[in-house]
Amino acid sequence: MDIKLTNSLTRKKEVFVPQDEKRVTMYVCGPTVYSYAHIGNFRPPVVFDVLNRLLRSKYGEDAVVYASNFTDVDDKIIKVANETGEPISAITEKYSKAYIEDSTALNIKQPDFRPTATAHISDMIEMMEKLERKKYAYRTDSGLWFHVKSMDDYGKLSGRNLDDMVAGARVEVDDEKRDPADFALWKVAKPGEPEEAIWDSPWGRGRPGWHIECSAMISKVLGKTIDIHGGGIDLQFPHHENEIAQSECAHGETMANYWLHNGFLDIESEKMSKSIGNVKIPHDMLKDAHGEVLRLALLSAQYRQPLDWTQALLDQCKATLDRAYGALRRVWDFDAVRVEDYGVVVALCDDLNTPQALAELSRLAGEANRAADANDQKAMAQAKADILFAGDLLGLLQSTPEEWEKGDDGDDAARIDALVQARLDARAAKNWAEADRIRDELAAEGIEIMDNAGGSTWRRA
């Protein structure tokens with residue numbers, strides 16, 4: 001089945017055709033690791049994790065090469081280092097680790113490559129030297145600049161003209177710039193900047209600009225031309241526009257054949273902002289909410305559309321997962337057979353239509369319940385296979401039903417396990433009053449005990 005994707009470069013939905021079906025390449029811009037990532041930062045990695053899963057399902061697990069970077073040298077990181085007195089390496093290591101932990105909690109598969117900017121400074125310098133030799137870049141006392149008017153089709157991704165670009169963006173000021181829209185490739189170090197953020201270069205001691213980082217890492221890790229480049233719509237201009245300029249002028253080749261951008265995320269219909277105080281941080285949210293609930297919420301709207309993050313949405317997603325896990329529990333004891341229902345695949349192949357895919361997942365949960373009601377063992381085995389396959393593509397239903405129903409609190413689960421065992425011991429000793437007391441105590445906490453021939457299990461009602 002063909003995968004169709006909306007290409008931001010052509011502004012059309014196109015059939016995806018990789019350069020090489022045995023090596024499908026995808027790059028997604030990663031975080032700048034100076035603080036905990038907010039929930040909007042996690043929309044791209046969740047969305048493109050679904051695409052990663054879909055591509056691997058179609059072309060083979062080993063046929064996809066996926067890279068996403070860490071920006072570990074940047075003005076924001078330097079600012080935090082100066083304010084806190086911490087070494088840059090300590091800051092970036094702390095928040096890189098936290099990002100991976102939070103990603104794992106959201107069932108995001110780690111990319112095949114996680115390049116860091118600081119490990120590719122030499123590759124960036126090499127690319128900048130090539131741009132300067134080809135007359136696309138020029139030097140000033142403050143560093144090296146890319147001259148946007150030297151590229152005939154600059155602006156083709158965002159569709160903006162140069163006047164709009166300057167008016168609509170924060171441009172870097174330099175009296176020696178040839179054009180206000182020109183952007184920095186290399187920044188000469190300023191007094192007081194940490195030594196950790198300074199490297200030698202032909203243009204003086206300093207550090208690379210933000211945009212050149214991704215261009216150099218993509219070329220080094222994936223190749224000069226890749227199949228898919230993804231990221232948030234906020235990166236389309238200037239970051240992705242400038243990536244194209246650097247890469248295509250340096251190499252003389254198309255940088256990426258398909259550009260995909262996800263829409264903005266708002267909080268209760270307002271833009272997320274520190275000044276408003278509505279910034280949502282998954283690193284904190286995961287203490288109270290299951291990662292799959294956050295993931296489902298991020299997939300609830302089609303990726304190119306805006307997403308309004310509300311408590312009602314989270315409550316709805318939790319209830320949806322409760323129903324799906326409840327249906328899965330009813331067919332859990334049957335051996336899964338060959339998958340027959342590919343409704344979720346059809347939905348995802350249509351430009352990652354996750355709302356339709358989630359509707360298909362709910363339909364499969366209904367099929368599982370109907371099979372269980374009829375005690376149709378063949379249908380129950382089939383329902384289990386189909387629902388698990390769909391869950392894997394979406395990165396959902398990755399726990400067992402028992403794990404889901406017991407929740408994430410390991411200490412509390414151990415306490416409840418002990419009480420359930422104490423009740424079993426009381427029943428064995430025919431101490432019915434004690435057994436009933438324990439059952440009532442747990443029921444008051446919302447814990448339902450289920451007795452069966454093999455003993456007793458429990459779940460949160």
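**Which strands, in what order, form the open sheet with antiparallel pairing?** The order is S5-S6-S7-S8, four strands in an open sheet. Strands here are DSSP runs of E with at least two residues, and helices are runs of H or I with at least four, both numbered from the N terminus. Two strands pair if DSSP finds at least two bridges between them. This is a predicted model, in which local features need pLDDT of at least 70, side-chain atom pairs count only at pLDDT 80 or more, and totals for chains, interfaces and linings use all residues. Residues are numbered from 1 along each chain as its sequence is written, and side-chain values use heavy atoms, with hydrogens and water left out.

**View 1. The whole protein has 16 helices and 15 strands.** Its C-alpha atoms fill a box of roughly 90 × 50 × 40 Å along the principal axes. The protein has 461 residues, and 53% of them count as buried. Buried means under 20% relative accessible area, exposed means over 50%, and partly exposed lies in between (1.4 Å probe, protein chains only). Contact means heavy atoms within 4.5 Å. Among contacts between residues at least 6 apart in sequence, 75% join residues at least 24 apart.

**View 2. The antiparallel sheet is edged by S5 and S8.** Strand S5 covers 137-140 and strand S8 covers 206-208. Each of these edge strands pairs on one side only. From one strand to the next, the twist averages 20 degrees. Angles run from 0 to 180 degrees between N-to-C directions, and axes are lines fitted to C-alpha atoms, for helices over the stretch in contact. Strand S6 (residues 143-146) pairs with strand S7 (residues 183-188) in the antiparallel sense, over four bridges. Glycine 143 stands opposite lysine 187 in S7.

**View 3. A second open sheet of four strands has parallel pairing.** Its order is S4-S3-S9-S10. The edges are strand S4 (64-68) and strand S10 (256-262), each pairing on one side only. Here the twist averages 20 degrees from one strand to the next. Strand S3 (residues 24-28) runs parallel to S4, joined by five bridges. Tyrosine 27 has alanine 67 of S4 as its bridge partner. S3 also runs parallel to S9, with three bridges. There, valine 28 is bridged to glycine 230 of S9. S9 and S10 are paired in the parallel sense over six bridges. Glycine 232 has asparagine 262 of S10 as its bridge partner.

**View 4. Helices H6 and H7 pack against strands of the parallel sheet.** Helix H6 (residues 210-221) touches S3, S4 and strand S9 (226-232). The direction of H6 makes about 160 degrees with that of S3. Helix H7 (residues 236-251) lies across S9 and S10. H7 runs at about 160 degrees to S9.

**View 5. Strand S9 is largely enclosed by the rest of the structure.** Why? Seven of the seven residues of S9 are buried. Histidine 229 is found in this strand, and its relative accessible area is 0%. Leaving aside neighbours within four places in sequence, histidine 229 is in contact with ten residues listed here: Tyr27, Cys29, Ile218, His240, Glu243, Met255, Ala256, Tyr258, Trp259 and Leu260.

**View 6. Cysteine 29 is in no disulfide.** A disulfide is a pair of cysteine sulfur atoms within 2.5 Å. By this rule the count is zero disulfides. The cysteine sulfur nearest to that of cysteine 29 belongs to cysteine 214, 4.0 Å away. Cysteine 29 is buried, at 12% relative accessible area. Cysteine 349 is buried too, at 6%.

**View 7. Helices H1 and H13 pack obliquely.** Angles under 35 degrees count as roughly parallel, over 145 as roughly antiparallel, 65 to 115 as roughly perpendicular and the rest as oblique. H1 (residues 43-59) and H13 (residues 377-394) meet at about 125 degrees, with axes 7 Å apart. H1 contributes Val50, Arg53, Leu54 and Ser57 to the contact, and H13 contributes Phe389, Asp392, Leu393 and Leu394. By class, the contact has five nonpolar, one polar and two charged residues. Ala, Val, Leu, Ile, Met, Phe, Trp, Tyr, Cys and Pro count as nonpolar, Asp, Glu, Lys and Arg as charged, and the others, Gly among them, as polar.

**View 8. Isoleucine 416 sits in helix H15 (residues 410-428).** Isoleucine 416 is buried, at 0% relative accessibility. Not counting residues up to four places away in sequence, isoleucine 416 touches Leu442, Ile447, Trp458 and Arg460. Isoleucine 416 and aspartate 141 are 68 Å apart in space, C-alpha to C-alpha, and 275 residues apart in sequence.
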